[in-house]
Amino acid sequence: MFKNLLSLFLLVCICSFSTNGQAVTSIPSKEKEVFALVDTVLKLTDKRNFKDAFEFAEKSKAYAEQHLGKQSRGYARLLNAQGRNWVFQGKYEEAKTYFTHALSIYDQIDPNDKFVSLITTNIGLSFRNLNQFDQAEPFYIRSCKIRLDSFGEKSAQYAEGLNSLGLLALNQSNLNRAEQLLTQAVKIQEAIGANRNGKFANSLNNLALVYKELGEYALAEPLYAKATAIRKEVLGEVSVDYGTSLNNLSLFYNDLKNHEKALETVLKSVQIREKVLGRNHPDFAQSLLATGLILYESKEFQAAIDTLLSARQIYESLNLTKTESYFWVLTNLGLAEIGLKNKAEAQQYLNSAQQAAQEIYGEQSVFNAQAYLNLGFLYLNFNDYEHAMSAAARSVDLYRQTNPGNPLYLTAIFDYLQIAHKAHRQLDTTLAFLYLKKNMERHSLFATFLNETELSIAIKNELPLFDLLCSYLLKPTVNQDEIAKQVFEYQLFNKQFTLASSYAVNMLAKFKNDETTLDAYDRWKGFKKKLADAYSKNERDEQRITIYTHAADSLEKILVRTVKDFGEYRKPIGWREIQQSLEPGEAAVEFIRFELHSDRPNDSVLYAAFVVTPGGTSPVFVPLFEKNDMSSILTSLKGSNFNKINAIYNESKLYDLVWKPLETHLKGIKKLHCAPAGLLHRLNLSAIPVNTRQNYADRRNVILLGSVRQLVVENAAQTYTPTAYLAGGIQYTMDSAAMIHVGRNGSRGLIDEGIFEFEADSLLRGESWNYLPESTREVNEISSTLFKYNFQAQVDTGFVASEESFRSLGTNKSSPRIIHLSTHGYFFNDPAVLGNPRNQLEFQPPFKTSDHPLIRTGLILAGGNHAWSGKPTPEGLEDGILTAYEISQMNLSQTELVVLSACETGLGDIRGNEGVYGLQRAFKIAGVKYLIMSLWKVNDQTTRELMTEFYRQWLEQKQTIPDAFAAAQAHMRTKYPGAPFHWAGFVLVE
């Protein structure tokens, strides 16, 4: 068959032909014929017809030998084509044999022929894929020199040579040289306009790999994205290179702890590579390896093992057991077996991995460091601390010597410190503080290129040493003061990290002058608005939400990179700076919660505080209570139970837990700047009783902050205009004729005596929002006071108090100095946390079931009952339900004070160092300085009294906002003795 095919080919294809850019019109006719045969072999290989390609090449070689001889260019090129065929099948030893034979022919004919650059590149590629990097290097260098001499330094061919050398340098862990070579390749390709093809994508992809290894994620991410887009556009979605891009992207997402996105991306790579290359190919095995790694880190241990065993079988069948990929297969198999508590299997895999690392790379290598790290992890998980200490110490030492910039160096340090803690060894403070420093650097890098969602995922699991060091602080140690300083400063840096990022993007990006940024900002806002609308619909369009989310996230990344002033919001703050910001008689208290590392089977969540005073020599670490101690008290606060709330705030249990342990360190202190954490966000810290006659507010003035770092880094000073926006007396029905009966007394949220506010809802199913008669009187009284002091106040009542009216604030002119909303508020816990699958909540409003925490909290404005009951909102109108998500997209940077005179407006999901994901967070992102919010379902009448008194104290008595608020609550305490329910439900947060 091939003899006939060859004859037919020669009859119809004798024509001008070029190979590697070389014109062949001057080549002898028989050589032309052989070059044409070479082209056919290459095309058959490209189509993955490997058997046909090989057999056709053998027949063509016989023809070439007959007419040109074995020592001819044509015969050598056929050998090269056959070697390429083996490369495509992943059989690099076989490929190397053919390439070497081809080179030996050219060395005798013309060693400087342009085609030699291609052959030497292919030999280097074969050695590189066999992990024989030193043997590969001279061939890559020779190829690069020929390309430079033949085509010049401003040529695509020379750029390709630099790209190959750069990738080799990366394999050799020579990252600086790799960056230099690949950057040069990219610049050449851009300069000559060769920047929209697959080879340019290769350079971008390889440079991204280098930046990832350097930890320069902000530089790596756009290169990955661009390379992937080019490959998809030029080569199509079903191509080897596009599959490679997806594989690399998946590992990048995995590094950022975005396992869901990583798994989604790598599975696409698996499908493409299987379709194009088949299952018995090293590239397909590589995608299986990446999938196994991601499944392991997602804690899908058995699925990871099954996937990795398939990859292992492929590598072994191809005799690729002395490669980096095979090392990682064994490594991840061992780690997954640890996850399943299979010690014997895990140890077997990890010992084999270490043996492979030492055989391939030697004792002094980063791979051997990784092998020791994994063995230390194994011993740690099975409580063999002596062996764990030895392995972890060796791993740390090897990483320090070979590649201290490797992110796994931090993992090695953490494991070592964790083992030392469990083995009751002294803390190595040098390593601990190095870890904290490097982690802060990583977080700063993340913040310069990730959007809020990605940033939250990336840093979620990046704070493990904080818990460990806090556990160390519970032990007597000679370096306790120094540890307290470092841990406190780490807390200052990380607390509300993503909030600061979101604020910076929302506020600063808008004020950039360049048209590109403003356009991106406007489009970002547009997609955020569409997302808010999509989230609010009863029938979720998941595809539309995905499209809007992707578009908004992409634009947000552009904005993040333009906010050059962002560093001011995330710069590290020293504890001395906090101390220097304090006046005599003041102190700063940063509350924390952490997972206790102990020998007990179930570690506890502990609460503690760092106290900074003007005369202190370091922050003082003060242990407080276990989470369960506080939860047992808060559980009795069900719904809006008047008697139980009063009981809690009239006895000393809370004082004994929160304030009493701090008293020794607060002598002579009259004013406290406090930042709550965890369950403390649910309390009015000032209202906690000291004894039967005195509340904590009588002892000290407590100022609530998101973080005490605000004492040093605060929003720029504002000159506020005397303007206000007030909304109250709102009609919540769409049709005024259907207005519900107005009761004499009410709550600004529905009351259910049997529902614990931290576990259930603020609203009973099927109910609607009632008209609040006292809210009309409230806004009228406050507006009269404001007018008296020359405020221009917009007062919206009835149906005028619409969502459209509120969301227009800060659009065409500066936002008002005061925003006062007298209405209903709502908050729902995450249904997933409560164990309610989403499909069981399909008939509930989206404001209750959304997976986004800023949708599950908000305020009700005019007409809100219509959408709340599930009815479609008329075209062109807002739904009347103002979510925290929508508020967070506004620009309220000129607003000094927001008063949320409604129920449970201080509640929300509590998420680690980020605090409360609710209305408080939304208004902070929007740029507001002070917020007054509620902790429970407050009474309509007494809320009006409290608010009216606050404005009187502020404007008439000319007190500061914090002092006016404290005075108003003191007034209500006098008026309603023994009833904290009527005055302690509101808190002021700066």
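Among contacts in the protein chain between residues at least 6 apart in sequence, 73% join residues at least 24 apart; contact means heavy atoms within 4.5 Å. The model is a predicted one, in which local features need pLDDT of at least 70, side-chain atom pairs count only at pLDDT 80 or more, and totals for chains, interfaces and linings use all residues. Residues are numbered from 1 along each chain as its sequence is written, and side-chain values use heavy atoms, with hydrogens and water left out.

**The whole chain**

Display the protein chain as a cartoon: its secondary structure comes to 41 helices and 16 strands. Helices (H or I, at least four residues) and strands (E, at least two) are DSSP runs, numbered from the N terminus. Of the 990 residues in the chain, 59% are buried. Buried means under 20% relative accessible area, exposed over 50%, and partly exposed in between, for a 1.4 Å probe and protein chains only.

**Helices α2 and α4**

Select residues 29-46, helix α2, together with residues 73-88, helix α4; the two pack at an angle of about 0 degrees, with their axes 9 Å apart. Axes are lines fitted to C-alpha atoms, for helices over the stretch in contact, and angles run from 0 to 180 degrees between N-to-C directions. Helix α2 is therefore roughly parallel to α4, a term for angles under 35 degrees (over 145 is roughly antiparallel, 65 to 115 roughly perpendicular, the rest oblique).

Next, show side chains at the contact, including Val34, Phe35 and Val38 of α2 and Arg77, Leu78 and Ala81 of α4. The contact residues divide into 8 nonpolar, 3 polar and 5 charged. Here Ala, Val, Leu, Ile, Met, Phe, Trp, Tyr, Cys and Pro count as nonpolar, Asp, Glu, Lys and Arg as charged, and the others, Gly among them, as polar.

**Strand β15 and its partners**

Move to residues 930-934, strand β15, where 5 of 5 residues are buried. Tyr930, Ile932 and Ser934 lie on one side, Leu931 and Met933 on the other, and both faces are covered.

Add strand β12 (residues 897-901), which runs parallel to β15 and is joined to it by 3 bridges; two strands pair if DSSP finds at least two bridges between them. Leucine 897 stands opposite tyrosine 930. Then add strand β16 (residues 986-989), paired with β15 in the antiparallel sense over 4 bridges. There, leucine 988 is the bridge partner of isoleucine 932.

**Two cysteines**

Finally, select cysteine 470, which is buried at 0% relative accessible area, and cysteine 674, also buried at 0%. The structure holds 0 disulfides, a disulfide being a pair of cysteine sulfur atoms within 2.5 Å.
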